[in-house]
Structure formats: C-alpha cells, structure tokens
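This briefing covers core packing, salt bridges, one helix and a surface patch. Please keep the sequence and the structure open while reading.

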Amino acid sequence: MRFFRIERGDRIWIALLIGINLIVLLNALLHDPRVGYDAPEHLRYVETLSRFRLPMRSDTLEFFSPPLPYLAPALLRASGAFTLWGAAKAAQLLNVLFSVALTLYLVKICDRLRPGDPRLKAASLMCLGMLPVYYKTFAFVRGEPLLACLSVLLAHRALALLLDEGPVLRGAVPLGLILGLIALTRQWGFFLFGALSGFAALLILSRRGFWRRAVPVIAASFLIAGMVGGWFYLHLRETTGSMRAFNRPASSRFSTANLPAEFYFDLGLDKVFVDPVRPLLGNRILPILYSEMWGDYWTTFVLRGTDTRDGNVLSGGELYEALSRDPVPAWLETNRWSIAPYLGRVNMVSLAPTALLMTGLTFGAASLLGNLSRRAGPQPGGEGRSDQMAIRSLLFMMVAATALGYGWFLIMYPRPDTIKASYVLQAFPALAILGGDFLQQVRQRSVTVYRALIGATGLALLHNAPVLLTRYWTMW
C-alpha cells in the first residue's frame, strides 16, 4: 500500500515538503553543533552516555533529560570512529530524518482532515515552513526535534485508533510505544499525554457508547508507555530524590505571583519591532516567545559574534557578556548592530501570519466546543463532519495542553532564560494544520480573501527568508 497517493495538483505541497527539508538539511550541514541553547551541556550528555552510563549532575546540567535523543550520537562516539564533534554532527543529520518523517505524517493528517485536498497540505506545510524557530531548533543537538516528530506520529496514530474500527488492544501497542518514546525524549512530551486523555474524554462525551473503545485504548497505551519509559523517571527518583528533577530549584509553590505583572501583560512594544535582542525584553513572556518564534532573541542562530584575537565564535551568554561590557571590546566582531533592525522588521511583517495561526487555533477551539454540543444528539453533516471536528479538537488540545504545561513550568521556574519558543516546538505542527485548515475555510467563503491571505503570508516568508539559515557556519 502506498504511503500517500499523488494526484494532479499535488506539485505545490510536494515542493514545499522538499523545500522545508532541504533547508533543514542545509542547516544540519552548516550549523556548528557547539552552538545552541545549553549546547555544551548536551554534548557532555552525549559524551557521558557514550561510556554506557546515564549522566549525573556532576557530568552535565542536562542530567535530568531523558536519553533517547542522545542515544545514536553516543553509540557513534562509543564506536571510537567519531570524535564528539562528529557524533554531534551526525545527530544534526539525524534531525533531518525526523523532519522528513514529521512533514510526511503531517500530510497524512491533512489527508484525513480533508481527503484528497492538496490545498490543505500545501497551506499547512506553508504555515509550518514559514516558522524560523522550526529550522533553528532542528539545527541543534537536543531533544525537541525528535519530540516534535513523535508528536505528529502520536496524533496520526491516535486518530487512526480512536476514529477507525479495528482491534483495540493490538492497535494500542504502537500508540503506547510512541508515548513511551515521548517519555524518553523530553519532559515536555508529558503535556501530550494530557491532550490524548482529553481527546478520549471528548469522544466519550460526544459519542454514545464510545467509552467501550476509548477506555481500553488509553489504559493499555499508558501502561505500555509506563513500561517503555517509566524506568528513567524511577532512575531520577533514585539518584536525585525526585522524578521531576531539574538543574535549578523550583518555586516553593505554584502561584502567578511568582512573576511580576509585566511578565504576563507587557508586550515590550518599544523594543519588539525595533531591537528584539537579549536582554532588552526583560522577563516578558509574549514578546520573547514571539521574537524567538520569528527571530533570534537568544543569539544562537543568525545573530553571532567572533573573537578576532583567536577566531573563537561567541553566541548566547558569552556574546551577551561581551556586548554588555562598556565599552564593547575592540576584538568583538558581531552583526548584532546591523541585523537587529532587520529582526525588528521580521517581527513586524510576521504579525499577519501570526494572526493567521491564532485564528486557526480559535477555530480549533470552536470545533472542541462543537464536539461537546453533540451530547444533545446528532449534528448536521454526518460522521464525516464529526470526524473533521474531532481532528481539529485533538490538534487544538495538543497546542493548548502544551501551552498550559509550559506556562506551569515558567511559573514554577521564573527566570527569563526559560522562555524559548523551541521548548514548545511540539505544538507548531498541530498549529500549522489548524492554520492551513482555516485558510481552506476562508477559501470556501471568499477566494479573494483567501488569495490575499496567501499573498501576505508569502511576502512575509520572502522577507523573513534570511532568518531561516544559520550564520554559525562550521567547516567539516
């Protein structure tokens, strides 16, 4: 059976799929694996795991992270045929395969939402491919690229198992395996457990007698997930005293008062469209997430520095410290001053595509409410419309559960450097499909408005294209 069937009109989405993954490949080849959020700590994890033991706090500050994303480079390092740098470069190239799988299964979900509609596939891939944070994160050696891939596989498998007829327990095995792998990839993945549970509960509430299918599926898949991934969290409890171990202390209690009002409400409008570079946005969640989603606020991808005395590259905190000196050292060569106005313009022109994604998310929430209303009885449109609403509901729940879980994390660990759009990468594929689906709903009502939205998004993508490629080049 063919993975997907190519019909007339498929050329655009196929070109987009290839284009997205070619950019991911180019960044994997060019980007220095030593540059990224906490990159040295992630490489120390690979080095420690290559000695066939899980790291402790004394080995790396990433000791709390699950091992799956580091397993392949660690095995290459253990073979003796690769240096640590070479193993890290192999991990970046492996991210390309994760991106290919992610985009292919995103297309499969689109085909389930609107069978045979190439426009939804193209629009959804456009909504994903226009996001600089996607390419930036897939260039790093860390767990989020694999987690984003697994999130799409989870959505595809959950829809097939819960919406189609077929053997329940046998079908729960691959779903449980995916959940177990998610648990072994990154703790952010546990937010998806909540989304899956909520989706099953929604179907139970909206479909008579559906609990007979949903309850065994969720119970069996969670049990399998626990057997596959639970051992690592038992290891954390044994070695650190907590399954929620982290490299910094948590707040004593969960309270919105842990953070000042500006964190929640200040949009940083005096800087976000002018000079969106650390630390000028302070501790404000919305402008920092926005600037990381579309630009390079934390200076790890396109904003770079070089120590001309020895040629060493400066990024992240090192670059920030050098720039904070008064006067700025004469030996620092950086594009910080030349690129900052452009990053401000990127944030400005990205308002339109951001509004598109947020509107798609709102329509996903409306589908969730529509599913709940089905408790009163059958709705017009039959089961086809019912399944469409269910798919949108799951996609919305994946975004919402990630946002809520990440919000809890930020409140419990209230520091500005925890605000990174890469940490919620798993939500962007679902958000992209919802954005693409909204475009198709617009098209059904007004082709003129649809073309205007496509044009505005396309122009934003062209303007933002330079942010999709790394400036941290490295020679092999």
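Contact here means heavy atoms within 4.5 Å. The model is predicted. By that contact criterion, and leaving aside neighbours within four places in sequence, Leu131 is in contact with Met293, Trp294, Leu357, Phe428 and Leu468.

**Nonpolar core**

- The largest nonpolar core holds 145 residues.
- Leu131, Tyr134, Phe199, Tyr406 and Phe428 have the most contacts inside this core.
- Helix 16 (residues 382–412) supplies the largest share of the core, with 14 residues.
- Phe428 appears twice in this picture: it is listed with Leu131 among the residues with the most contacts in the core, and it is also one of the contacts of Leu131.

**Salt bridge Asp275–Arg336**

- The structure holds 20 salt bridges.
- One of them joins Asp275 to Arg336, with the closest N and O atoms 2.8 Å apart.
- This pair links distant parts of the chain, 61 residues apart.
- Asp275 sits in the loop between helix 11 (261–265) and helix 12 (285–294), while Arg336 belongs to helix 14 (residues 336–349).
- Asp275 counts as buried because its relative accessibility is 15%, and the cut-off for buried is under 20%.
- Arg336 is buried too, with a relative accessible area of 6%.
- Which residues does Arg336 touch, not counting those up to four places away in sequence? They are Asp275, Val277, Leu280, Leu303 and Leu323.

**Salt bridge Asp111–Lys121**

- The side chains of Asp111 and Lys121 meet in a salt bridge, at 3.4 Å from N to O.
- Asp111 lies in helix 4 (residues 84–113) and Lys121 in helix 5 (residues 118–129), so the pair ties together parts that are 10 residues apart in sequence.
- Is Lys121 buried or exposed? At 4% relative accessibility, Lys121 counts as buried.
- Asp111 is partly exposed, with a relative accessible area of 30%.

**Other salt bridges**

- Arg51 pairs with Glu47 in a salt bridge, the closest N and O atoms being 3.6 Å apart.
- Glu47 counts as buried, at 17% relative accessibility.
- Arg51 counts as partly exposed, at 48% relative accessibility.
- Glu62, Arg142, Glu144 and Arg186 are joined into one network by salt bridges that share partners.

**Helix 3**

- Pro69, Tyr70, Pro73 and Ala74 are buried in helix 3 (residues 68–78).
- These residues cover an arc of only 110° around the axis, so they lie on the same side of helix 3.
- What covers the buried residues of helix 3? The cover includes helix 2 (39–49), helix 4 and helix 7 (144–163).
- Gly80 follows helix 3 and has a positive phi, near 85°.

**Surface patch**

- Ile18, Leu22, Leu25 and Leu29 form a nonpolar patch on the surface.
- Together these residues have about 320 Å² of accessible area.
- Ile18 has its place in helix 1 (residues 11–30).
- Ile18 counts as partly exposed because its relative accessibility is 44%, and partly exposed lies between the 20% and 50% cut-offs.

Methods:
Residues numbered from 1 in each chain as written. Predicted model: local features only at pLDDT ≥ 70, side-chain atom pairs only at ≥ 80, totals over all residues. Heavy atoms only, no water. Patch = residues over 30% accessible without salt bridge, like charges linked within 9 Å, V, L, I, M, F, W, Y side chains within 5 Å. Areas by Shrake-Rupley, 256 points an atom, 1.4 Å probe, with all protein chains shown as cover. Salt bridge = Lys/Arg side-chain N within 4 Å of Asp/Glu carboxyl O. Helix = DSSP H or I, 4+ residues; strand = E, 2+ residues; numbered from the N terminus. Buried < 20%, exposed > 50% of the residue type's maximum accessible area, 1.4 Å probe, protein only. Core = buried A, V, L, I, M, F, W, Y, C linked by side-chain atoms within 4.5 Å. Arc of directions from axis to C-beta.
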